[in-house]
Amino acid sequence: MPAFAHISDLHFGSEDPSTTRALIAELNRERLDLVILSGDLTLAARSGEYADARRFIDALKAPTIAVPGNHDITPFNLGERFLMPYRRWHRYVSAEIEPSWFGPEAAVVGLNTARRMRLRLNWSHGSLSRRQIVTLPARFAPAEANAFRIVVAHHPFIAEDTEDLSDRPRVLVKRAKAALQAFAAEGVDLVTAGHLHRTYAAAFDTPPATSAVITQEVAQSHRVTVIQAGTALSARTRGEPNSFNRIEIDGDTMEVHTVAWRGKRWERTDEPLVTIRR
Ligand SMILES: [Fe+2]
Ligand SMILES: [Fe+2]
């Protein structure tokens, strides 16, 4: 059965070494087709943090795919930030900031939502360009016809559906709605993201499930499910333990379970975070 791990916000530089060792052991315990890293591999893009992230990736048996997060662009060296924002990413992680991975049961396409600067005060927020949206069909072109389509990006596309958001950032990636519509049109089944250090699942339906107009469009409706991963290693957890998501594909069903750190071991939840059926 194809299985993937979705891990996020490792934030090397603030990690606990024993939890890191346990995470590597957990990810190597069972065969995984791919480990998806949805950004913020480092705390402040220092070379030492990047070197630790590289050692972590090298210790994994499974192949990896990674996109940058806002913390992976140096905040200290402004010359590097503006002129060569991905210099350290390229040196330590990958030659690509938007990699893809294609298997028989799943196609994974990375989108970079981190930005060196934005026309607003908070540069930590994410953005997706029009070009990234219109080139999506070409990015998925090599996918097998029946493969589940997965996007990996750092910033969130749908907010958490809860009242208790007083201390939590709610800002979504810029052009989130346009991106979700493009994802739906492209048949994307799952979006894996991070940044919030919170685990949740949400869905975007097109046309809206509430639509009263029964037309052919309804028959062609498509659901894009978004899963957010908590922070896998950082001490900056937002009211939940360190965790990651495990994605399992069984025929026409894709099931996501959260695997949480219980102080001594990683524990997979019995109840799935979300189940996606085609
Ligand atoms: Fe983060
Ligand atoms: Fe982030």
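These legends walk through several close-up views of a predicted model of a protein with two iron ions.

**View 1. The whole chain, before zooming in.** The protein has 278 residues, and buried ones make up 54% of them. Its secondary structure comes to 8 helices and 13 strands. Take the contacts with a separation of 6 or more: 73% of them are between residues 24 or more positions apart. As for the outside, the accessible surface comes to about 12900 Å², with 51% of that belonging to carbon and sulfur atoms.

**View 2. The iron ion (ligand 1) and the residues that hold on to it.** Four residues supply the protein donors here: Asp-9 through OD, His-11 through NE2, Asp-40 through OD and His-197 through NE2. They lie 2.0 to 2.3 Å from the iron ion (ligand 1). Reading along the chain, the donors follow the spacing D-x1-H-x28-D-x156-H. Asp-9 and Asp-40 come from distant parts of the chain, 31 residues apart. Asp-9 sits in the loop between strand 1 (3–7) and helix 1 (17–29), while Asp-40 sits in the loop between strand 2 (34–37) and helix 2 (47–59). Is Asp-9 buried or exposed? Asp-9 counts as buried because its relative accessibility is 0%. The angles among the 4 donor atoms run from 87 to 175°, and the site is irregular.

**View 3. The iron ion (ligand 2), next door at 3.5 Å from the iron ion (ligand 1).** Which residue coordinates both ions? That's Asp-40. Along with Asp-40 (OD), the iron ion (ligand 2) is coordinated by Asn-70 (OD1), His-154 (NE2) and His-195 (ND1), at 2.2 Å. This site is irregular too, with angles of 89 to 157° among its 4 donor atoms. The spacing of these donors along the chain is D-x29-N-x83-H-x40-H. Asp-40 and Asn-70 link distant parts of the chain, 30 residues apart, with Asn-70 in the loop between strand 3 (64–66) and helix 3 (78–83). Both Asp-40 and Asn-70 are buried.

**View 4. Two residues with positive phi in the loop between strand 2 and helix 2.** Most residues other than glycine have a negative phi. Asp-40, the residue that coordinates both iron ions, has a phi near 55°. Asp-40 has a relative accessibility of 1%, so it counts as buried. Ala-45 is in this loop as well, and its phi is about 60°, a positive value even though it is not a glycine. With a relative accessible area of 1%, Ala-45 is buried.

**View 5. Aromatic rings around Tyr-50 and Trp-89.** The structure holds 7 aromatic pairs. In one of them, Tyr-50 meets Trp-89 edge-to-face, with 6.5 Å from centre to centre and 80° between the planes. This pair links distant parts of the chain, since Tyr-50 belongs to helix 2 and Trp-89 to helix 4 (residues 87–92), 39 residues apart. How accessible is Tyr-50? Its relative accessibility is 0%, so Tyr-50 counts as buried. Trp-89 also comes out at 0% and counts as buried. Tyr-92 joins in as well: ring pairs link Tyr-50, Trp-89 and Tyr-92 into a cluster.

**View 6. Phe-157 and Phe-183, edge to face.** Why does this pair count as edge-to-face? The ring centres are 5.3 Å apart and the planes are at 65°, so the pair is edge-to-face, the cut-off being over 60 degrees. Phe-157 is in the loop between strand 6 (148–152) and helix 7 (176–185), and Phe-183 is in helix 7, so the pair ties together parts 26 residues apart in sequence. Both Phe-157 and Phe-183 are buried.

**View 7. A charge over a ring, at Arg-278 and Phe-148.** The charged end of Arg-278 sits over the ring of Phe-148. It is 3.8 Å from the centre of that ring.

**View 8. Ser-129 and the arginines it touches.** Ser-129 is in the loop between strand 5 (106–110) and helix 5 (130–134). Leaving aside residues up to four places away in sequence, Ser-129 touches Arg-115 and Arg-175. Ser-129 and Arg-175 are 46 residues apart in sequence, yet 7.6 Å apart in space, C-alpha to C-alpha. Ser-129 has a relative accessibility of 22%, so it counts as partly exposed.

Technical notes. Residues numbered from 1 in each chain as written. Chains lettered and ligands numbered in written order. Predicted model: local features only at pLDDT ≥ 70, side-chain atom pairs only at ≥ 80, totals over all residues. Heavy atoms only, no water. Donors = N, O, S within 2.8 Å, 3.2 Å for Na, K, Ca; no water. Tetrahedral: all angles 85-135°; square planar, octahedral: opposite > 155°, others 65-115°. Helix = DSSP H or I, 4+ residues; strand = E, 2+ residues; numbered from the N terminus. Buried < 20%, exposed > 50% of the residue type's maximum accessible area, 1.4 Å probe, protein only. Phe/Tyr/Trp six-rings, centres within 6.5 Å; stacked < 30°, edge-to-face > 60°. Lys NZ or Arg CZ within 6 Å of the ring centre and 35° of its normal. Contact = heavy atoms within 4.5 Å. Areas by Shrake-Rupley, 256 points an atom, 1.4 Å probe, with all protein chains shown as cover.
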